[in-house]
Amino acid sequence: MTSERRLQRIRFWLAVFIVGLVLSGVTAFPLTWELGLLVRWFGSGDSALAQWLRTVHTGLVETDKHYPFLAYGTDWLAFAHLVIAVAFIGPWRDPVRNIWVIEFGLIACAMVLPLALIAGPLRGIPFGWRLIDCSFGVFGAIPLWLIRREIQQFEQESHIPT
């Protein structure tokens with residue numbers, strides 16, 4: 001594989017990861033509206049999913065009504081996703097020198113699992129939902145692992161010192 005082709009692959013997977021971070025960030029702003037849609041689509045009936053969606057939506061509506069300042073925390077969560085996405089511009093520009101950003105991302109993805117599995121039960125999050133949260137770490141790590149491997153091969157092929 002040519003170095004140019006490998007660089008294209010690196011940038012493709014970086015774009016996938018960056019878009020994922022941006023979407024995660026942007027969708028953290030309108031949580032109450034989004035949960036309202038999910039309740040309309042999946043919230044009827046007595047399934048565990050329907051009950052959970054209604055519970056979360058009610059919690060958000062009541063919190064927004066009486067304590068709107070608490071949503072500021074999720075605004076900062078959204079902002080953090082956007083800021084982290086900006087960090088991945090470094091590997092886009094110079095993958096070899098900025099491989100540490102990819103490794104940072106892999107570590108962050110790994111840290112999702114203990115957070116979800118420890119904090120989830122403390123906050124009353126159902127087990128199935130905790131697994132969904134864990135999947136963000138797992139599925140986030142896949143493109144980062146591919147990127148890291150491609151960067152290492154790109155470095156060897158290009159003979160660029162680190």
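A crossing of two helices is called left-handed if the near helix is turned anticlockwise from the far one by less than a right angle, and right-handed if clockwise. In the predicted model analysed here, helix α6 passes helix α7 in a left-handed crossing. The axes of α6 and α7 come within 9 Å and cross at roughly 165°. Because angles over 145 degrees count as roughly antiparallel, α6 and α7 are therefore roughly antiparallel to each other. By class, the contact of α6 with α7 comprises 16 nonpolar, 5 polar and 4 charged residues. Within α7, V138 has a relative accessibility of 40% and counts as partly exposed. V138 is separated from A110 by 28 residues in sequence, and the C-alpha atoms of V138 and A110 are 7.5 Å apart in space.

The largest nonpolar core contains 17 residues, of which I10, L14, F88, I102, L144, I147 and I151 touch the most other members. Helices α1 (3-26), α6 (99-122) and α7 (127-158) each supply at least two residues of this core. The greatest contribution to the core is that of α1, with 6 residues. I102, one of the core residues that touch the most other members, is in contact with L14, F88, P91, L144, I147, R148 and I151 when neighbours within four places in sequence are left aside. Among these contacts of I102, L14, F88, L144, I147 and I151 are likewise listed with the core members that touch the most others.

The packing of α1 was examined next against helix α4, which spans residues 71-87. The axes of α1 and α4 come within 7 Å and cross at roughly 160°. That angle makes α1 roughly antiparallel to α4. The crossing of α1 past α4 is left-handed. On the α1 side, the contact is made by I18, L21, V22, S24, G25 and V26, and on the α4 side by A78, H81, L82, I84 and A85. These residues divide into 8 nonpolar, 3 polar and no charged.

L21 illustrates the α1 side of this contact. The residue lies in helix α1, and at 11% relative accessibility L21 counts as buried, the cut-off for that class being under 20%. Leaving aside neighbours within four places in sequence, L21 is in contact with H81, I84, A85 and F88. Of these, H81, I84 and A85 belong to the α4 side of the helix contact, whereas F88 is among the core residues that touch the most other members. The C-alpha atoms of L21 and A80 are separated by 9.3 Å, although the two residues are 59 residues apart along the chain. V83 is also placed in α4, but at 42% relative accessibility V83 counts as partly exposed. Between the C-alpha atoms of V83 and L53, 30 residues apart along the chain, the separation is 29 Å.

A further helix pair is formed by α2 (residues 31-42) and α3 (residues 48-66), which pack at an angle of about 150° with their axes 9 Å apart. Helices α2 and α3 are therefore roughly antiparallel to each other, and their crossing is left-handed. The contact involves L31, T32, L35, G36, L38, V39 and F42 of α2, together with L49, A50, L53, R54, V56, H57, L60, V61 and D64 of α3. In terms of class, the contact of α2 with α3 has 11 nonpolar, 3 polar and 2 charged residues.

Within this contact, L60 is located in helix α3. L60 is partly exposed, with a relative accessible area of 22%. Not counting residues up to four places away in sequence, L60 touches L31, T32 and L35. These three partners are among the residues that α2 supplies to the contact with α3. L60 and L35 are 25 residues apart in sequence, and their C-alpha to C-alpha distance is 8.5 Å.

Definitions and conventions. Residues are numbered from 1 along each chain as its sequence is written. This is a predicted model: local features need pLDDT of at least 70, side-chain atom pairs count only at pLDDT 80 or more; totals for chains, interfaces and linings use all residues. Side-chain values use heavy atoms; hydrogens and water are left out. Axes are lines fitted to C-alpha atoms, for helices over the stretch in contact, and angles run from 0 to 180 degrees between N-to-C directions. Helices (H or I, at least four residues) and strands (E, at least two) are DSSP runs, numbered from the N terminus. Angles under 35 degrees count as roughly parallel, over 145 as roughly antiparallel, 65 to 115 as roughly perpendicular and the rest as oblique. Contact means heavy atoms within 4.5 Å. Ala, Val, Leu, Ile, Met, Phe, Trp, Tyr, Cys and Pro count as nonpolar, Asp, Glu, Lys and Arg as charged, and the others, Gly among them, as polar. A nonpolar core is a set of buried Ala, Val, Leu, Ile, Met, Phe, Trp, Tyr and Cys residues joined through side-chain atoms within 4.5 Å. Buried means under 20% relative accessible area, exposed over 50%, partly exposed in between (1.4 Å probe, protein chains only).
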